[in-house]
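Work through these exercises on charged side chains. Try each task before reading its solution.

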Amino acid sequence: MTTLPPLGDSLQPDHRLRRIWMFVGVAVVVCVAAFLINRQFTTEDDHTKVAAGDCFENTGSDKEPRIKKRDCGDPQAEYKALKKMDGAVTGLACSDVEGATGALTQISYGKKSFVVCYTSNRR
């Protein structure tokens, strides 16, 4: 005569399987968060490399500029940097720079703050 397993055992959920799926879900959330945080701190454009006299193009938006250095003769070089001020924290620093029509600022923790005063490179 064969013995059958108790009836209640087959109806209980497998807790090991639930734990595995919970671990996978947590791992996915942690990986996505790490990717987004890493992307924020490692995504760099040329704005840190722009110096007075350099020309550049904004490939982003006004609120989130993405700067690409260009040769000043390049038709895509929209702007020309007039002055770069290390340690400055607002675009108001450009108010006394003759010909400045805008400012790029970098203000963040752990990075060097600066302002780049620029004007149009269109002739």
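**Exercise 1.** In this predicted model, is Lys 69 buried, partly exposed or exposed?

*Solution.* Start with the relative accessible area of Lys 69, which is 35%. Buried would need under 20%, and exposed over 50%. Lys 69 is therefore partly exposed.

**Exercise 2.** Find the salt-bridge partner of Asp 54, and place both residues in the chain.

*Solution.* Look for a Lys or Arg nitrogen within 4 Å of a carboxyl oxygen. Lys 69 fits: its closest N and O atoms with Asp 54 are 3.4 Å apart. Now place the pair. Asp 54 sits in the loop between α1 (15-42) and β1 (55-58). Lys 69 belongs to strand β2 (residues 67-70). The two are 15 residues apart, so this bridge links distant parts of the chain.

**Exercise 3.** Which residues form salt bridges with Arg 70?

*Solution.* Take Glu 57 to begin with. The closest N and O atoms of Arg 70 and Glu 57 are 2.7 Å apart. This pair connects strand β2, home of Arg 70, to strand β1, home of Glu 57, across 13 residues. Then take Asp 74. Its side chain meets that of Arg 70 at 3.7 Å, N to O. Shared partners join Glu 57, Arg 70 and Asp 74 into one network.

**Exercise 4.** Which member of this network is buried: Glu 57, Arg 70 or Asp 74?

*Solution.* Compare each value with the 20% cut-off. Arg 70 has 22% and is partly exposed. Asp 74 also has 22% and is partly exposed. Glu 57 has 14%, so Glu 57 is buried.

**Exercise 5.** How many salt bridges does the model hold?

*Solution.* The count comes to three.

Notes
Residues numbered from 1 in each chain as written. Predicted model: local features only at pLDDT ≥ 70, side-chain atom pairs only at ≥ 80, totals over all residues. Heavy atoms only, no water. Helix = DSSP H or I, 4+ residues; strand = E, 2+ residues; numbered from the N terminus. Buried < 20%, exposed > 50% of the residue type's maximum accessible area, 1.4 Å probe, protein only.
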